[in-house]
Amino acid sequence: MENTVSHALYILQEPVQYVCLLFMASLYAMKIYQLMKKPGPPEKAELKGDRYAGAVHSLANVLRPWGMESTRNHMYFYTEFVIFHIAVALTIGSTFLIPLTPWLMTPLVSKVIMVFMGLAFLIGLRRIYRRFTVPEIRIISSPDDYFAITLMTVFFGVGFVTMYLWIQGRPETGWMWIFFLMTTFFLLYVPFSKISHYVLYPFGRVMYGQIFGGRGVLNRNVRGN
Amino acid sequence: MADPAEFKAKQEDTKPIKLGTQEGRKWPIKEGFTPEVLQKMEELLPSKLNRIVATSLAGCIHCGMCSEACHYTQSIPEDKKLLPAYKADRFRKWYKYRYDWMAKVFPSFVGAQPLTKELAEEMYDKLWGGCTMCRRCTFNCPMGVDYGMLVRAARGIMCEAGRIPQHLQDTIDTHYNAGNNMAVPHDEFVETIEWIEEELQDEDGCENYTIPLDKRGAKYFLTLNPREPKYYPLTIQATAKVLNAAGVDFTISSRYWDLTNYAMFNGIDKDAKLFASWIFDEMKRLDCEYLLSGECGHGYRGLRWELPNWLGGVPFKITSVMELFARLIQEGRIKLDKSAWDGDVFTYHDSCNIARSGGVWEEPRTVITAAVNDFREMEHNRENSFCCGGGGGALAMPEFSPRRIAAGKIKADEIRATGATVVLQSCHNCTDQLKEICEHYKIHAKVMNLAELLSEAIVIA
Ligand code: SF4
Ligand code: SF4
């Protein structure tokens, strides 16, 4: 697939995206710097386990749904989570592949991305419904929670149609414009929204893994004393 | 006197004993969240934000996966405001108001709120009276939000500003003033230990058993929960019996023997460090090899995992009687007669601080299965065990007692399902809570610790 697009769309797909990406990266760097400036709790106790192995174990938690009761008992929810996040990764990937390496966006690759986008769109709808209707979720939800999931769901919907048209050999459509305008908005908005949770995710998991790995609670290989 | 070190130590022993800090401290507790209290809380917030607390406050995605993890939500499902994320949000809203970028422009969009009297009151209700810091939700949170640390930080801020349940703070002030949290005087403690020793020597085959006080150079320095000399002296007797039977070289300090540290629950690090330092000093004075925690959940965690951090490391080893008992059994140093407990059905409650936050859950099972024939696990056990409801200082907050008993329902249901006639545990707060919930939910089971279990089954050579 050749990327024969107008100069205007090229500007949106490339220079604008790079500037926005730089903006996002700078804000994330600031976030991480602010966090790392804070004191990390020390561990001076004689360890029973391995803090490093605990951190790795904890980071890999996402791949072990049987590891937590909350995912073990709700495999359907977990499956949705996995599909949704794969779709996020593929969608972000496609915003790079489309302008930079359009030849990689073969019909097969595009179809796979499209299927994930479609599924994520449906999952998003279900998650919005859940947030509105399940009382315990509703009482903890802020407008940011509703906005973030709605935005993602619309993005997947737009991406789905865009991808369909791309497969038909139509690289420059109104949908493509909306798709990249939304991408631009995401890059500027996400550092301020709950969607930026993925930046904090490794920190939370690593610290949890270090504490409980060191105490011999996680991936037990316990030294006695 | 040949040995100057011994001479110095002897001199120290004969100095008048000044337990506690001798200041008669009474924490200045305020009646409500006045503007001054709120202002003080604002000032304190930054000092409590270490990396874990800040990540836990910023990292919640409101997914609700913790909703089924908490014994409050399981036991009181009609009250949705006991959901872990909802409770933590009482603190998080204020944190976001201060630190979230979006909240600077659109606070309500991200659920941020300024610290008002109403928000602070909700925080007080939920984080003192609606969370035992058991961390079961943490273990079920995809983001690793650490409720133990987060809630302790919030409590520390409230406490320092003067808002803490009176009885809980009284317990800490008593520890501060008297050297132990039940103000057991030195003489009374020594007399109690001597009396327990006599009682122990009256048991068949135990004539030569001793409970050495202040024995320098003993291998183990055994620490106690003040409830033991005060209300449950038989648990000291049982522990001493097992240790003597196995030939363990141990001692108890006549001065600082209290292993509890309720400053873990009010979030005041200065007090936590002070209480820990007394035990540390006794370890140095008695020159023991191991600091040995008695059967006490938060006390064990405080000594084993927190004390070295508060004091910047320690030059000795720290363990617990739960682990020591298991080792003595594995090494064949004590012989047990399982038939002593025939007719009883046993289950074991894993204290959150010992298991989930402490990594000790197979050792108690080694002990139990060596001593009884009929042991049955509860549905949720080991690191997945539900809190009994008595953790986090809950037993020292009578104003929240109805909720505490209600929150124990899931544990009571699981005990009932085992058909146990004896509920074993290794924690004094758990003991009291389990006794209360067994009575309240009409479960006919005794509550007992591991030393009592072994003491009955032990075969004296
Ligand atoms: S599971 Fe963790 S991230 Fe999800 S709502 Fe609970 S605390 Fe927040
Ligand atoms: S720490 Fe325990 S009591 Fe507190 S919210 Fe989590 S599960 Fe509930």
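This briefing covers chain A as a whole, the shells of two ligands, and one buried arginine of chain B. The model is predicted. Chain A has 9 helices and 0 strands. Ligand 1 and ligand 2 are each surrounded by residues of chain B. B:Arg135 belongs to the shell around ligand 2 and also touches residues of chain A, namely A:Phe212 and A:Arg215.

**Chain A overall**

- Read from the N terminus, the elements of chain A run α-α-α-α-α-α-α-α-α.
- Along the principal axes, the C-alpha atoms of chain A fill a box of roughly 70 × 35 × 35 Å.
- Chain A has 225 residues, and 48% of them are buried.
- Of the contacts in chain A between residues at least 6 apart in sequence, 78% join residues at least 24 apart.

**Surface and charge of chain A**

- The exposed area of chain A is about 10,700 Å², with 72% of it supplied by carbon and sulfur atoms.
- Chain A carries 20 positive and 11 negative charges, and the mean positions of these two sets lie 7 Å apart.

**Shell around ligand 1**

- The residues surrounding ligand 1 include the run B:Cys60, B:Ile61, B:His62, B:Cys63, B:Gly64, B:Met65 and B:Cys66.
- The shell of ligand 1 also takes in B:Ala85, B:Cys141, B:Pro142, B:Met143 and B:Tyr147.
- By residue class, the shell around ligand 1 has 10 nonpolar, 2 polar and no charged residues.

**Shell around ligand 2**

- Ligand 2 is surrounded by B:Cys70, B:His71, B:Tyr72, B:Pro84, B:Lys87, B:Cys131, B:Thr132, B:Met133, B:Cys134, B:Arg135, B:Cys137 and B:Tyr147.
- Two elements of chain B, α4 (71-75) and α5 (84-99), give two or more residues to the shell of ligand 2.
- The shell around ligand 2 divides into 8 nonpolar, 2 polar and 2 charged residues.
- B:Tyr147 is listed in the shell of ligand 1 and in that of ligand 2.

**B:Arg135**

- B:Arg135 sits in the loop of chain B between α7 (117-129) and α8 (147-161).
- B:Arg135 counts as buried because its relative accessibility is 4%, and buried means under 20%.
- Leaving aside residues up to four places away in sequence, B:Arg135 touches B:Asp146, B:Gly148, B:Met149, B:Arg301, B:Arg356 and B:Ser357, along with A:Phe212 and A:Arg215.
- B:Val145 is 10 residues from B:Arg135 in sequence, and their C-alpha atoms are 9.2 Å apart.

Key. Residues numbered from 1 in each chain as written. Chains lettered and ligands numbered in written order. Predicted model: local features only at pLDDT ≥ 70, side-chain atom pairs only at ≥ 80, totals over all residues. Heavy atoms only, no water. Near = heavy atom within 4 Å. Nonpolar A, V, L, I, M, F, W, Y, C, P; charged D, E, K, R; others polar. Helix = DSSP H or I, 4+ residues; strand = E, 2+ residues; numbered from the N terminus. Buried < 20%, exposed > 50% of the residue type's maximum accessible area, 1.4 Å probe, protein only. Contact = heavy atoms within 4.5 Å. Areas by Shrake-Rupley, 256 points an atom, 1.4 Å probe, with all protein chains shown as cover. Lys, Arg positive; Asp, Glu negative; His and termini not counted. Charge placed at Lys NZ, Arg CZ, Asp CG, Glu CD.
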